[in-house]
Amino acid sequence: MTAAPTLTVRRVTTTRAGGFSAPPYDSFNLGDHVGDDPAAVRRNRERLAEGIGLSPDRLVWMEQIHSRTVTIVDGPRAEPVPATDAVVTTVPNLALVTLSADCVPVLLSDDEAGVIAAVHAGRIGARVGIVPAVLAAMESVGARMDRIGAFLGPAASGRRYEVPAAMREDVERHLPGSAATTVHGTPSLDLRAGIRRQLTEAGVGGVAVDPRCTIEDKTLFSHRRGAPTGRLAGVIWMQAGT
């Protein structure tokens, strides 16, 4: 009798180091829309796939547009999923990738149901409800809210993400808990705090947060610190084994 395969959820976040891109994209830039040499980006993406033990065609990329659009994928895609900011799957050994350089990468999973999601949650997407939309999509394919675990990756922190006061108030109305103050005493946003509160209030089982600030940490890409620049990847997949 053959043993039933087991699924282990894996998550990875990248840094700037270890790639082929020249400045200002040095060196592990994974974004193909920021002006970098396409050949360097392709080599970086191949290195990412090799590093997580999958073939490059098993990585699903998105054409991120700062929306609340969610796409459920059931297999590899030859091109980035068009005009979406979250992808959901139940397929093992299919890695979902979200790109960021200050926005919040959100990686979600219901390990028991075998449902995972990768989310690009910038200021606009978080404000208009990308996170509730992806939770609903996960439930539609078998996830249960109290079993979902969330990981919020490196992003701009409230210490550094300065915005006009009116913008802070607007986002706070739509994403409570996101209003913050910089180290200089000026209005700012802490999107991870708002998203964490949103997830918790939705009944998500657990939320882990990477505390690194992309603006402060020069091992990470940050559009606010210096554009043009590259993009980090947050990756989630279900590794099949026996």
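Asp110, Glu112 and Arg147 are linked in a network of salt bridges, and I would like to start from that group of residues, keeping in mind throughout that what we are looking at is a predicted model. Side chains of opposite charge can pair when their charged atoms come close. Across the structure, the count of such salt bridges comes to 11, and I will go through some of them with you.

Let me turn to Arg45, which forms a salt bridge with Asp32, with the closest N and O atoms 3.8 Å apart. Arg45 sits in helix H1, residues 38-52, while Asp32 sits in the loop between strand E1, residues 6-13, and H1, so this pair ties together parts that are 13 residues apart in sequence. Are these two partners buried or exposed? Arg45 counts as buried, at 16% relative accessibility, whereas Asp32, at 51%, counts as exposed.

Next comes the pair of Arg127 and Asp170, whose side chains meet in a salt bridge with an N to O distance of 2.5 Å. Which parts of the chain does this pair bring together? Arg127 belongs to helix H2, residues 123-128, and Asp170 belongs to helix H4, residues 165-174, so the salt bridge ties together parts that are 43 residues apart in sequence. As for its surroundings, Arg127 is partly exposed, with a relative accessible area of 27%.

A further salt bridge is found between the side chains of Asp210 and Arg212, where the N to O distance is 2.8 Å. Here Asp210 is buried, its relative accessible area being 10%, while Arg212 counts as partly exposed, at 27% relative accessibility.

From charged pairs I move to the cysteines, and to the question of how many disulfides the structure holds. The number is 0, and if you look at Cys103 and Cys213 in the model you can follow the reason. The cysteine sulfur closest to that of Cys103 is the one in Cys213, and it lies 13 Å away, which is too far for a bond, given that a disulfide requires the two sulfur atoms to be within 2.5 Å. Seen from the other side, Cys213 is likewise in no disulfide, since the nearest cysteine sulfur, that of Cys103, is 13 Å away. With regard to accessibility, Cys103 counts as buried at 18%, and Cys213 is also buried, with a relative accessible area of 2%.

To close, then, the predicted model has 11 salt bridges and 0 disulfides, and among the charged residues we met, Asp110, Glu112 and Arg147 are the ones I described as a linked network.

How values were computed: Residues are numbered from 1 along each chain as its sequence is written. This is a predicted model: local features need pLDDT of at least 70, side-chain atom pairs count only at pLDDT 80 or more; totals for chains, interfaces and linings use all residues. Side-chain values use heavy atoms; hydrogens and water are left out. A salt bridge is a side-chain nitrogen of Lys or Arg within 4 Å of a carboxyl oxygen of Asp or Glu. Helices (H or I, at least four residues) and strands (E, at least two) are DSSP runs, numbered from the N terminus. Buried means under 20% relative accessible area, exposed over 50%, partly exposed in between (1.4 Å probe, protein chains only).
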